[in-house]
Amino acid sequence: PHVDADAGPQEQPQRWVYLNAFDIDRYEVSNVHYLTFVLATGTTGPPYWKADPFPEKMAAHPVIGVSWREAGAYCRWAGKRLPTEAEWEKAARGTDGRIFPWGSQPAGWLRSNIAHPGSKRGLKYPPLANVDRYERGLSPYGSYQMAGNVAEWVADWFDPEYYQYGSSYNPLGPVIGQEKVFRGGSWNEDPEVARSAGRGARLRDHRSYLIGFRCAR
């Protein structure tokens, strides 16, 4: 807390975690990539696809309205999986404990699609950015938009006290739980929510215009 005043109790204690090598997508999964999965598998598209299946201007936006189960199904179809919470956080913030992917400087209009004072807007379709925008906000490993745009599902069950007892080597989260974790904040949340250590959770079948995902392997 003395380094990051916004740190919540579910983010503590800060600790070292050691991970085997892994790959993670550079971009959030876009509508057009999710469409290939829908067409190949016969899966129902998200509720925000209403124009056969979506206007061209939405093609490179991150897919939204996808549940944790559906996100996992896409990753498996693509030969990947959802990242663990620890993998996601390392990819987002590196090894130096930075607050945001780009460092500890405040979030700004040029680094991320995050809400700022007066900018929150609840629309039928939200003001998303293409998944390859905001080069000034890259993570240490070159991943885009790990803060803002959409929050992202990860593999783990949620336990606010997990950091007190979880393994320090390739942690996989609790064995069982009620909700799954998402990370990274969205277009309609304040910067402190989009911090790389921030944690949120919802039921596995929850669908939101604030949550998308990326895959790992």
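Where is the place of Ala-147? In this predicted model, Ala-147 sits in the loop between H3 and S1. Let's start there and work outwards.

## Ala-147 and its loop

Ala-147 is buried, with a relative accessible area of 3%. Setting aside neighbours within four places in sequence, Ala-147 is in contact with Pro-101, Trp-102, Ser-112, Ile-114, Gly-184 and Ala-194. Gly-137 is ten residues away from Ala-147 along the chain, and the C-alpha atoms of the two are separated by 8.1 Å.

## The sheet

Four strands form an open sheet in the order S3-S2-S1-S4, with mixed pairing. S3 and S4 are the edge strands, each pairing on one side only. As background, strands of a sheet pair through backbone hydrogen bonds, either parallel or antiparallel. Here, strand S1 (residues 151–157) and S4 run parallel and are joined by two bridges.

## Glu-152, a buried acid in S1

Which residue in S4 does Glu-152 stand opposite? The partner is Gly-212. Glu-152 is found in strand S1 and is buried, with a relative accessible area of 0%.

The side chain of Glu-152 has polar company. One polar contact goes to the side chain of Trp-88, at 2.9 Å, and another reaches the side chain of Arg-214, at 2.7 Å. Not counting residues up to four places away in sequence, Glu-152 touches Glu-28, Trp-88, Gln-145, Met-146, Val-181, Phe-182, Arg-183, Gly-212, Phe-213 and Arg-214.

## Helix H3

Trp-88 also appears among the buried residues of H3, together with Glu-85, Ala-86, Glu-87, Glu-89, Ala-91, Ala-92 and Arg-93. H3 is mostly covered, since eight of its nine residues count as buried under the 20% cut-off. What covers these buried residues includes S1 and S2. After H3 comes Gly-94, whose phi is positive, near 75°.

## Salt bridges

How many salt bridges does a search of the whole structure find? The search finds 13. Three of them are set out below, with the separation of their closest N and O atoms.

| Basic residue | Acidic residue | N to O distance |
|---|---|---|
| Arg-217 | Asp-23 | 3.4 Å |
| Arg-207 | Glu-70 | 2.7 Å |
| Arg-183 | Glu-89 | 2.6 Å |

Take the salt bridge between Arg-217 and Asp-23. Arg-217 lies in the segment after strand S4 (211–212) and Asp-23 in the segment before helix H1 (31–41), so this pair ties together parts that are 194 residues apart in sequence. Arg-217 is exposed, with a relative accessible area of 54%, whereas Asp-23 is partly exposed at 43%.

Next comes the salt bridge between Arg-207 and Glu-70. Because Arg-207 belongs to the loop between strand S3 (200–202) and S4 while Glu-70 belongs to helix H2 (residues 68–77), the pair ties together parts that are 137 residues apart in sequence. Arg-207 is partly exposed, with a relative accessible area of 45%. Is Glu-70 buried or exposed? At 18% relative accessibility, Glu-70 counts as buried, because the cut-off for that label is under 20%.

The side chains of Arg-183 and Glu-89 meet in the third salt bridge of the table. This pair also links distant parts of the chain, with Arg-183 in strand S2 (residues 180–183) and Glu-89 in helix H3 (residues 85–93), 94 residues apart. Both Arg-183 and Glu-89 are buried. They belong to a network of salt bridges that links Glu-85, Glu-89, Arg-93, Arg-183 and Arg-199.

## Nonpolar cores

In soluble globular proteins, nonpolar side chains tend to be buried together. Which members of the largest nonpolar core touch the most other members? Of its 27 residues, they are Val-29, Tyr-34, Trp-49, Val-63, Tyr-74, Trp-153 and Phe-213. H1, H2 and S1 are the elements that give two or more residues to this core. A second, separate core has eight residues, including Ile-24, Ala-92, Met-146 and Val-154. Two names there are already familiar: Ala-92 is one of the buried residues of H3, and Met-146 is one of the residues that Glu-152 touches.

Key:
Residues are numbered from 1 along each chain as its sequence is written. This is a predicted model: local features need pLDDT of at least 70, side-chain atom pairs count only at pLDDT 80 or more; totals for chains, interfaces and linings use all residues. Side-chain values use heavy atoms; hydrogens and water are left out. A salt bridge is a side-chain nitrogen of Lys or Arg within 4 Å of a carboxyl oxygen of Asp or Glu. Buried means under 20% relative accessible area, exposed over 50%, partly exposed in between (1.4 Å probe, protein chains only). Two strands pair if DSSP finds at least two bridges between them. A nonpolar core is a set of buried Ala, Val, Leu, Ile, Met, Phe, Trp, Tyr and Cys residues joined through side-chain atoms within 4.5 Å. A polar contact is a pair of N or O atoms within 3.5 Å; within protein, one must be able to donate a hydrogen and the other to accept it, and residues adjacent in sequence count only if both atoms are side-chain atoms. Contact means heavy atoms within 4.5 Å.
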